[in-house]
Structures are given as C-alpha cells and as structure tokens.
Amino acid sequence: MTRVDRAPSFERFGPARAATPVVVSVPHAGRDYPEALLAASRLALSSLRQLEDRYVDGLAAPLAGQGHAVVIARTARAWIDLN
C-alpha cells in the first residue's frame with residue numbers, strides 16, 4: 001500500500017477558525033496499524049496496543065463542538081508518535 005492509499009495519520013476537528021487559541025491534541029489515540037508495522041514488529045499486536053491512550057479521543061472529540069481545535073491521531077503510536 002502506498003502512502004496515498006492510506007488514511008491520514010491524524011484528523012482535525014472543530015471550526016476552521018477556532019473560538020480559542022487552545023489546540024487539544026490526542027497524539028497517542030491511534031488504532032490504525034499499518035501492515036508494514038505488523039510485518040516488521042517482533043511484538044504481538046496486543047503488546048503494541050499497550051502504547052495507545054485508548055478512548056482518550058472520545059473524551060476530547062466533544063470539545064470540537066465547543067469551538068476548540070482538536071487534533072486526534074489515527075495511526076498507531078508504534079508507527080509514528082505525533083507529539
């Protein structure tokens with residue numbers, strides 16, 4: 001799969017012009033594990049998932065409706081750390 005075929009590593013939510021200067025970032029919520037990562041890893045998927053901040057994206061996403069810019073990782077932290 002080429003880079004063009006993959007989904008973006010993150011998504012931005014909220015209005016185009018945020019109501020506040022605060023950007024809520026959830027860089028470790030990604031649950032997309034590229035095939036190349038799984039093929040190259042010595043660890044089982046269950047071990048890689050321990051790096052996730054699972055479900056934090058669900059806590060942050062509603063802030064977009066309150067006018068904040070929210071950036072949520074989609075690609076797994078084991079592949080790319082979006083900090």
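This is a short tour of the structure above, moving from the whole chain to single side chains.

Begin with the whole protein in view, bearing in mind that this is a predicted model. Coloured by secondary structure, the protein shows 3 helices and 3 strands, which follow one another along the sequence in the pattern β-β-α-α-α-β. The C-alpha trace spans about 45 × 25 × 15 Å along its principal axes, and of the 83 residues in the protein, 28% are buried. If you switch on a surface, the exposed area comes to about 5500 Å², with carbon and sulfur atoms supplying 56% of it.

Next, select strand E2, residues 23–26, where Val24 and Val26 form the covered face while Val23 and Ser25 lie on the uncovered one. Add strand E3, residues 69–73, which pairs with E2 in the parallel sense over 4 bridges; one place to look is Val23, whose bridge partner in E3 is Ala69.

Keeping both strands visible, show the side chains of Val24, Val26, Ala29, Ala60, Ala64, Val70 and Ile72, the 7 residues that make up the largest nonpolar core. Strands E2 and E3 are the elements that give two or more residues to this core.

Now centre the view on Ile72 and ask which residues it touches, leaving aside those up to four places away in sequence. The contacts of Ile72 are Phe10, Glu11, Phe13, Val26, Ala29, Asp57 and Ala61.

Finally, select Arg54 together with Tyr55, where the charged end of Arg54 sits over the ring of Tyr55, at 5.5 Å from the ring centre.

Key: Residues are numbered from 1 along each chain as its sequence is written. This is a predicted model: local features need pLDDT of at least 70, side-chain atom pairs count only at pLDDT 80 or more; totals for chains, interfaces and linings use all residues. Side-chain values use heavy atoms; hydrogens and water are left out. A charge sits over a ring if NZ of Lys or CZ of Arg is within 6 Å of the ring centre and within 35 degrees of the ring normal. Buried means under 20% relative accessible area, exposed over 50%, partly exposed in between (1.4 Å probe, protein chains only). Two strands pair if DSSP finds at least two bridges between them. A nonpolar core is a set of buried Ala, Val, Leu, Ile, Met, Phe, Trp, Tyr and Cys residues joined through side-chain atoms within 4.5 Å. Contact means heavy atoms within 4.5 Å. Accessible areas come from the Shrake-Rupley method with a 1.4 Å probe; for residues, only the protein chains shown count as cover.
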